[in-house]
Amino acid sequence: MIRAAGWILWKDITLEFRGRELLVPAGVFGLLIAMLYGFAFDPAKNGLHGTFPGLLWLGIFFASFLAVGRAFSVEAEASQQLLLAPIDRGSLFLAKLALNILLTLVLAAVMTPAFAILLQTGLPPETGTFLLIEALGLVGFSAAGTAMGALAAQTRLRELLLPALLLPFTSPLLLGVVSATKALYGGEVAAAGNWIMLIAIFDVIFIVVPVLLFEFLTEV
Amino acid sequence: MRYLRWVSVPLWIAALYLALIWVPDERSLGVSYRIFYIHLGMAWTALLALTANFVVSLLVLFMKRRRETLDNYAQATAEVGLLMTTATLASGMLWAKVAWGAFWTWDPRLTTTAILWFLYAGYLLLREAIDQPQRRMVYSAVYGLIVFIDVPIVYLSVRWWTSIHPVVFTNTGINITPQMLIAVIFFFFATLFLALDLIWLRAKQQDLRERLERMREQRLGELGY
Amino acid sequence: MSVEKQFLEYVFFAYSAVFLLIFLFVTNVWRRTRHLEQQLSALEGDGEKES
């Protein structure tokens, strides 16, 4: 199962390196969000420390949409040849999940410094904990995004449907990462710890449940 | 099921009489707290309908027979659940305006209900966007399961979030008297029977549609198309 | 007195809003069901004539 997942992941990474169809547009969009936030909220006049966590995470989530939504649409457009391969269905889900985690991590690695510089707030203290929050948050977003992306890819609307499915679904995750980041800025590490627990629970549940249910999706 | 309405209509009349006339006014909120009856009835029934949707979704995935009928009930429970959630939000916002002074507060239950609304609006959107019946059935069942698991997490996170948020409006609690409890119970059963009736009506309609489609295909086949 | 009246208004709004929602839902379902039934009976009538 893991081996098959590894091969599919390798295929997708190779495709991404050759075509750069996901990361470049999503990354440009992410940087553009930081610029536009700067214009809209004018950080030089009004300090953005209070709202920075919310702005950063909304930016990352929106940019990640572009990447996450494509993962299954690619297969749907290739007339589902991958589904004919004699592999466990769960491994297909895991491969797409791993791809989405990698893509969102790269996006966040580009966007976080850009946001911190352009919005003039700097990274939060306890940078190690902050990186943990980012990693866990993006794993959760990717898990939910992969599951919803698999559903949306087979509809008439494709990725257009994804925001309506994914955004309400990940609202606890957004609350979690924003509150945890805010707690770090406020120096309340214990409060951040509680939120990190919540994010971790979200991650575990929405990796395990879709893996179990994914079999059904490939039947029809 | 056909006789549901004969129970439902007297129940509604009784419940309305009890809630609007029989029960005395509340001390601090006066007559306005009577919104509470229809609000609570709708909220509980909405939750029950969405729980029923979860159960039906499970059955669709794991039962071998009669899945099409179950799928019709999945559609019906989600629609009625969403309808009643909308009713809960509408009556709740009006009551919040009276009791707390604003149409919207970031109260955990209010916020969770709003997210619930979006989640199940998504469910209906997903159904709408899939043309092939088999796929629609399985995909929406999977979505229904995942989303229902998400609801407790949403509630937990929103509660934590509001506890670190300054709460502007304090919840004016109502002490429930036995008289009020009777009215609450009547209203709950009235809305419950209404929901059952609506779900049945909607599922029957879906069934009719399927029969019509099958008949059309058969007819076209006979005519040699 | 005016507060009382305002409270009554809100009660009225809340109940009528809920009833309006239910009414719209029910009439919509009924209309579409009748439409379906008509089509179905037309189709069945057709078949009888032919056979």
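How many residues from chain C and from chain B does the contact take? I found 21 residues from chain C and 27 residues from chain B; two residues are in contact if their C-beta atoms, placed from the backbone, lie within 7 Å. On the side of chain C that touches chain B, I sorted 16 nonpolar, two polar and three charged residues. Here Ala, Val, Leu, Ile, Met, Phe, Trp, Tyr, Cys and Pro count as nonpolar, Asp, Glu, Lys and Arg as charged, and the others, Gly among them, as polar.

A note on my source: this is a predicted model, where local features need pLDDT of at least 70 and side-chain atom pairs count only at pLDDT 80 or more, while totals for chains, interfaces and linings use all residues. Residues are numbered from 1 along each chain as its sequence is written, and chains are lettered from A and ligands numbered from 1 in the order in which they are written.

Next I looked up chain A. I noted ten helices and zero strands, taken as DSSP runs (helices H or I, at least four residues; strands E, at least two) numbered from the N terminus. Its C-alpha trace spans about 55 × 35 × 30 Å along the principal axes. Of the 220 residues in chain A, 49% are buried.

Then I picked Asp42(A), in the loop between α2 (23–41) and α3 (52–68) of chain A. Is Asp42(A) buried or exposed? Asp42(A) counts as exposed because it has 10 C-beta neighbours inside 10 Å; the cut-offs are 20 or more other C-beta atoms within 10 Å for buried, 12 or fewer for exposed, and partly exposed in between, with C-beta atoms placed from the backbone.
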